[in-house]
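Here are some short exercises on how the parts of a protein model meet. Try each task with the structure open, then follow the worked solution.

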Amino acid sequence: MSQIIHFDPDQDFKARSRTAVNDPAQRANFRGAMDFLQAKRRGQFGDQDELAGLRAIGAAIRQNSLAKLPELLELLEKNLTANGIQVHWAETAADANAIALGIARRVGARNIAKGKSMVSEEIGFNHAMADAGIDAFETDMGEYIVELAGEKPSHIIMPAIHKTKQQIAALFAEKIPGVAYTEDVDALIRIGRQVLRGKFAGADVGLSGVNFAVAETGTLCLVENEGNGRMCTTVPDVHIAVTGIEKVVEKLEHVPPLYSLLTRSATGQSITTYFNMISRPRQEGEKDGPREVHLILIDNGRSQAHADEQLRATLQCIRCGACMNHCPVYARIGGHAYGTTYPGPIGAIVSPHMLGLNATYPLAFASTLCGACVEVCPVKIPITDILIRLRNEAQAGEEQASLRGSGAGRSALATAIWKGWSLIYSRLGIYRLTSWFISRGHKLSPVSQGAWTKCRTALKPAPKRLRDLIRERRS
Amino acid sequence: MGQESARDRAYPPKPGDVYLYSTCLIDQFSPEAGLDTLNLLEREGIRVHFPDGQTCCGQPAYNSGYPDEARAVALQQLSLFSQPWPVIVPSGSCAAMMHHHYPKLFASDQALLARATELAARVFELTEFLVHVINFKQPDRGSACTVALHTSCHARREMGSHETSAALLSTLDNVDVVVQDRIEECCGFGGTFAIRYPEISEAIVSDKVASLRATGAERVVSADCGCLFNITGRAAKQDELAGIAPPTLPGEHIASFLWKRTSGIPS
């Protein structure tokens, strides 16, 4: 029996965002969290000149990586291989999961301990492993909480930021055997930690993401606060790292400025508790560390962004989340409403390459173009310009379309309205006539003006236009 | 988007002539703000030229993903300013469109790009012009009052004119400027955003109105009509629903506010 699935990304996004703005508890959670994170970041960047200098350096490093991307990836592969780390290339999410599954099966793995990795969310790693009968479980506290709740991360840095401590307390009491309800945050963290620590010892494979992959040395850098990243990459016998191809940097000296920008922009920390540099598997005579280390380099649409002169800047992102922390829309609707792995402004500009613009175009319009994201982006991605470009693409006719899914948001009615608008405002005679009629008919202007008057009083045209008043005054 | 570049801008000496580009919203909905801009400039001894061919800067289409339609409208404006005089725009948003985005809009045509770039260099938002070119200082003839300043996001982040708006208000001795929470956050207007996603827009503007009300300000002053219509329209709707007659959070364009206070007209 076949089933027809109705799929309208615009209506879907509208429905999800409507639900989100009408949830006062969740809105309060996000507002409080965003205020906190904004203040933390502000505290790190008191010196505006230092910030401007560091951002310029960060942007230049990332632009250098992207300008030399093919050769840097080859150099990375060469140096990782020389270090004994096995490199795999995945064009799609399915390819990446198949490679990981192949490794897991070869070593007879029954389970995989996961450090926090948004790329693993992007490729649907946990589901792919579950389908193959392998238990991939989260070890990051936030990821563990959303996994326990059967949800997805609502933020790229703080996956469970949409939850209150009361909700987490209830969740733990319900889902973890023998745990009594407590709202004491330290106690909750202790409980989670106890559960998770027990799991590392029995893990067959550890999975992690990568923050920076250094080409000249063949080093994988991993930034984290909880120590679970270190456990995942050192305790199990096999470590698999997954990352997007854009995460490469040319030189080791490129890491400190990016690391500093990342932690200060993300959580307002000068430095994280852990910073892991992984350069080889366990050597002869060493007592710990994985016997095998693998890196899966994933494209999953990134090449499309890289090939476009303007959209390439999307790949400068170091995944700090500052854009969402400062976004007035994200603060009101939260991460889940976006419906993509990466929410907020960065999600709106990166997701079209992974999922097709046809699936994600409403997100490009879900912005007031206020530019708060551009102002705080540590690597100076021109997010608003890219959003405008994606709006153009979403409504492009066939001859102008250049992305997968371009033109999906085109509507005959909207096109006709804007053509009419353009005609009025580009032909002086028509504008004079139209605006004159609107002024003369100001008393007839409608009290109900659609979406505008749902929460506002109606706009009233003035009885005389400025040009009339100036003419009267000067005649 | 460049706060950094906005601060570094070089300003010309005070000119004898300027163009006034009043914006479509002011022409049709808020002409008094245009007249008061004219008053402020003429009082400084400047001849103000109002090209009658002006319509709209094209931003609505540009931001909505219709670049061809935006270009057609922007092209109509490009031909209006044949003399090398500064172009004064009483809106940070429209000024940013002409100053920052016209060169991007015409990037693919060398001849038009040259004209757009030349024009962009002499487009000034009203308050930056009053502060940096005129060195505005007029005695405050109004009675004591409390206001809050809202700066549009394009004015703030593309023109840097939140600083010049604040500087102008600080020259008025009897005006107490109160600062609302999250002053730098968007009001939720975003042009067609308010129509496309009305629930999200409502959530943002309602928070903005609440933060302004919490200051106790008698009115909100802004250099952008779009934000003003959004904020005061929301506040007026709340008044209406509560059965309150005179608006409890009225708004005024900064040009009108400055002109009335310094010429002795009661607000």
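This is a predicted model. The domain assignment splits chain A into domain 1 (9–38 + 310–394), domain 2 (69–300) and domain 3 (418–474).

**Exercise 1. Find how far apart the C-alpha centres of domain 1 of chain A and domain 2 of chain A lie, and how many residues each gives to the contact.**

Step 1. Start with the centres: the C-alpha centres of the two domains are 24 Å apart.

Step 2. Now count the residues in contact: domain 1 of chain A contributes 23 residues and domain 2 of chain A contributes 27 residues.

**Exercise 2. Describe the area buried between domain 1 of chain A and domain 2 of chain A, and name the residues of domain 1 that lose the most.**

Step 1. Together the two domains bury about 2,200 Å², and carbon and sulfur atoms account for 64% of it.

Step 2. On the side of domain 1 of chain A, the residues losing the most area to domain 2 of chain A are I318(A), R319(A) and H336(A), which together make up 25% of what that side buries.

**Exercise 3. Look for salt bridges and polar contacts across this domain interface, then work out what the domain 1 side is made of.**

Step 1. The rule finds 1 salt bridge across the interface of domain 1 of chain A and domain 2 of chain A.

Step 2. Test the pair E246(A) and R319(A): their closest N and O atoms are 3.5 Å apart. The cut-off is 4 Å, so the pair counts as a salt bridge.

Step 3. For polar contacts, the rule finds 6 residue pairs across the same interface, both residues being at pLDDT 80 or more.

Step 4. Helix 2 (24–44), helix 14 (322–325) and helix 16 (344–355) of chain A each give two or more residues to the domain 1 side. Helix 2 of chain A gives the most, with 5 residues.

Step 5. By class, that side has 15 nonpolar, 7 polar and 1 charged residues.

**Exercise 4. Carry out the survey for chain A and chain B: how many residues touch, and what area is buried?**

Step 1. In this contact, 70 residues of chain A meet 71 residues of chain B.

Step 2. The two chains bury about 6,200 Å² between them, 56% of it on carbon and sulfur atoms.

Step 3. Across the interface of chain A and chain B the rule finds 16 salt bridges. Look at E42(B) and R473(A), whose side chains form a salt bridge with N to O at 3.0 Å.

Step 4. There are also 37 residue pairs in polar contact, both at pLDDT 80 or more.

Step 5. Helix 20 (residues 412–426) of chain A gives the most to the chain A side, with 8 residues. That side divides into 31 nonpolar, 16 polar and 23 charged residues.

Notes: Residues numbered from 1 in each chain as written. Chains lettered and ligands numbered in written order. Heavy atoms only, no water. Domains from an automatic or database assignment. Contact = heavy atoms within 4.5 Å. Buried area = accessible area lost by both parts, 1.4 Å probe. Polar contact = N/O pair within 3.5 Å; in protein donor to acceptor, adjacent residues only side chain to side chain. Helix = DSSP H or I, 4+ residues; strand = E, 2+ residues; numbered from the N terminus. Nonpolar A, V, L, I, M, F, W, Y, C, P; charged D, E, K, R; others polar.
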